[in-house]
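I wanted a quick look at how the strands are laid out before going back to the bench. These are my notes, in the order I looked things up.

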Amino acid sequence: MICKSLSKVLTFCILATAAACVSCFNEDDDVVPWVEVKVDINTLDAKYIDLQNPTGRVIIKNEGYGGNGIIVYHTFDNNFNAFDCTCTYEVSDTCAVVLDEGNIAGAVCPVCGSKFELINCGMPTSGKARHSLKSYRVSYNEPYLHIFN
Ligand code: FES
């Protein structure tokens, strides 16, 4: 009886650990060139205050590929995702997505109209883009966010 319970607990721990390790970071699907990213922000800073609550989003300007910016998104389950703003349809330092005002978990390219889902690893949902936004790693040590690759 104790063995069965222990087995269930171990199975749960393994699955929980595996789920915690899953992130949007996937270099294999990147169409946006690698640039070094090391950004630290204080989420209590007034310009990042939107990150205090789940579904909050901000763009950190002049970072990422071509200085296009990095979107940080506070997920429903209290994690943070970070994406390069470079539109993946036509990778350029002049084509950057912006926050989609019609979708609290979305980003949109103002030039080609491609839409991306921040809640779903930056996956394109409509428009010409076929690749997800480039993801960066994020670590959180309240109230500091470290974004890196
Ligand atoms: S890529 Fe140049 S427009 Fe979306």
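**Confidence first**

I'm working from a predicted model, so I checked the confidence before anything else. The mean pLDDT of the protein is 87, and 83% of its residues reach 70 or more.

Next I went looking for the weak spot. Over residues 9-22 the pLDDT stays under 50, and the model gives that stretch 0 contacts beyond four places in sequence. Where pLDDT is low, the predicted coordinates should not be read in detail. I'm therefore leaving the coordinates of such a stretch alone.

**The six-stranded sheet**

In what order do the 6 strands of the open sheet run? I traced them as β1-β10-β9-β4-β3-β2, with antiparallel pairing. The edges are β1 (38-42) and β2 (57-60), and each of these pairs on one side only. I also looked up the twist, which averages 25° from one strand to the next.

Reminder to self: strands of a sheet pair through backbone hydrogen bonds, either parallel or antiparallel.

Then I went through some of the pairs.

- I started at the β2 edge, where β2 pairs with β3 (residues 70-74) over 4 bridges in the antiparallel sense. Val58 sits opposite Val72 in β3.
- Further in, I found β4 (residues 80-84) joined to β9 (residues 135-141) by 2 bridges, again antiparallel. Ala82 is the residue opposite Tyr136 in β9.
- For β9 and β10 (residues 144-148) I noted 5 bridges, and these two run antiparallel as well. Asn141 has Tyr144 in β10 as its bridge partner.

How many residues does the hairpin from β9 to β10 pass through? I found 2 residues in that connection.

**The four-stranded sheet**

I then turned to the open sheet made of 4 strands, in the order β5-β6-β7-β8. The pairing here is antiparallel too. Which strands are at the edges? They are β5 (98-99) and β8 (123-126), each pairing on one side only.

For a pair inside this sheet I picked β6 (residues 106-108) and β7 (residues 115-117), which run antiparallel and are joined by 3 bridges. Ala107 faces Phe116 of β7 across that pairing, standing opposite it.

One more note for when I come back to side chains: in a regular strand they alternate between the two faces of the sheet.

**Where I've got to**

My sketch now has one open sheet of 6 strands and another of 4. I've put a query mark beside residues 9-22, where pLDDT stays under 50.

Notes:
Residues numbered from 1 in each chain as written. Predicted model: local features only at pLDDT ≥ 70, side-chain atom pairs only at ≥ 80, totals over all residues. Pairing = 2+ DSSP bridges. Axes fitted to C-alpha atoms, helices over the stretch in contact; angles between N-to-C directions. pLDDT = per-residue confidence, 0-100. Contact = placed C-beta atoms within 7 Å.
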